[in-house]
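Let's take a walk through this one, from the overall layout down to a couple of odd backbone angles. Have the viewer open and follow along.

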Amino acid sequence: MPFFNKLKCSLLALALAAGVQGAQAQRVAVKTNALYWLTASPNLGLEFRMSRHFSLNIEAAGNPFTIKDTKLHHATFNPELRYWFSARPQAGHFVGVMGFASAYDLHAKSRYHKGDAYGVGLTYGYSLVLSKHWSMEATAGLGVLRYREKKFRDGQDQPKGVNHKGFTPAPTKLGLTFVYIFK
């Protein structure tokens, strides 16, 4: 699938760029979003402090599971540049600009959706410091997605190409995230 190849190359490029930045950063955080786990979507994130008020957050999630007659397979990647209002990075209120890329294969209620989506959005969040190394984040984001998909029903032949595409406003992020900060 061409999209997965593009996604892999993008992930590799961003991971290399983040690794270079992370080597200079004073703080690096590893995180996981509990809300994604509730949807059976394993996920992992890294956040790199870039300066006193800016950080780079990179998250990836996927779902390879089929539960009963519902298939929610996806691979999602979200880079985000965050501005922290407090003088203490990775603590308190923040706003962000994020990107969104996803490849999906969904089947529910006799409908199939196979395609990809790209988008941008704005986020708002709050990070509650629990201890020297642990914190908890609440995040929400809204944005615009461009999607391209093969859309069809049970009993219909799968289209050879994309038959449904467009732009839509959408929630691009929702998180209740456990964070471990390396110091």
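What follows covers the fold, the strand pairing, the core, the main pocket and one loop.

## The overall layout

First things first: this is a predicted model. The protein chain holds two helices and nine strands. Reading from the N terminus, the elements go α-β-α-β-β-β-β-β-β-β-β.

As for packing, buried residues make up 40% of the 183 residues in the chain. If you look at contacts with a separation of 6 or more, 57% of them are between residues 24 or more positions apart.

## How the later strands pair

Start with strand E7 (111–129) and strand E8 (134–153). A hairpin of four residues takes the chain from E7 to E8, and the two strands pair in the antiparallel sense over 19 bridges. To find your place in that ladder, pick Arg-111: its bridge partner in E8 is Arg-153.

E8 also pairs with strand E9 (164–182). That pairing is antiparallel too, with 16 bridges. Here a handy landmark is Ala-140, which stands opposite Leu-174 in E9.

## The nonpolar core

Which residues form the largest nonpolar core? There are seven of them: Met-98, Phe-100, Tyr-104, Ala-117, Leu-145, Tyr-147 and Ala-170. Strand E6 (92–108) and E8 each supply at least two of these residues, and E6 gives the most, with three.

Met-98 is a good one to click on. Leaving out residues up to four places away in sequence, Met-98 touches Asn-78, Pro-79 and Glu-80, along with Gly-119, Val-120, Gly-121 and Thr-123, and also Thr-172 and Lys-173. Each of these counts as a touch because heavy atoms lie within 4.5 Å.

## The largest pocket

The largest pocket has a volume of about 720 Å³. It is lined by 27 residues, and the closest to its centre are His-74, Thr-76, Phe-100, Ser-102 and Pro-171. Phe-100 therefore turns up twice in this report: it belongs to the largest nonpolar core and is also among the residues closest to the pocket centre.

Which element gives the most to the lining? That's E9, with seven residues. Helix H2 (34–38), strand E3 (54–63), strand E5 (70–84), E6, E7, E8 and E9 each supply at least two lining residues. If you're thinking about chemistry, the lining splits by class into 13 nonpolar, 11 polar and three charged residues.

## Two positive phi angles in one loop

Now for the loop between E6 and E7, where Lys-109 is found and Ser-110 as well. Lys-109 has a positive phi of about 50°, and Ser-110 has one of about 65°. Neither Lys-109 nor Ser-110 is a glycine. Why point that out? Because most residues other than glycine have a negative phi.

Is Lys-109 buried or exposed? With a relative accessible area of 78%, Lys-109 is exposed, since the cut-off for that class is over 50%. Ser-110, at 31% relative accessibility, counts as partly exposed, because that value falls between the 20% limit for buried and the 50% limit for exposed.

Notes: Residues are numbered from 1 along each chain as its sequence is written. This is a predicted model: local features need pLDDT of at least 70, side-chain atom pairs count only at pLDDT 80 or more; totals for chains, interfaces and linings use all residues. Side-chain values use heavy atoms; hydrogens and water are left out. A nonpolar core is a set of buried Ala, Val, Leu, Ile, Met, Phe, Trp, Tyr and Cys residues joined through side-chain atoms within 4.5 Å. Buried means under 20% relative accessible area, exposed over 50%, partly exposed in between (1.4 Å probe, protein chains only). On a 1 Å grid over the protein atoms alone, a cavity is a set of points where a 1.4 Å probe fits but cannot get out, and a pocket is an open set with protein on both sides within 12 Å along at least five of seven lines; lining residues have an atom within 4 Å of a point. Grid points are joined across faces, edges and corners, and a volume is the space filled by probe spheres set on the points. Ala, Val, Leu, Ile, Met, Phe, Trp, Tyr, Cys and Pro count as nonpolar, Asp, Glu, Lys and Arg as charged, and the others, Gly among them, as polar. Two strands pair if DSSP finds at least two bridges between them.
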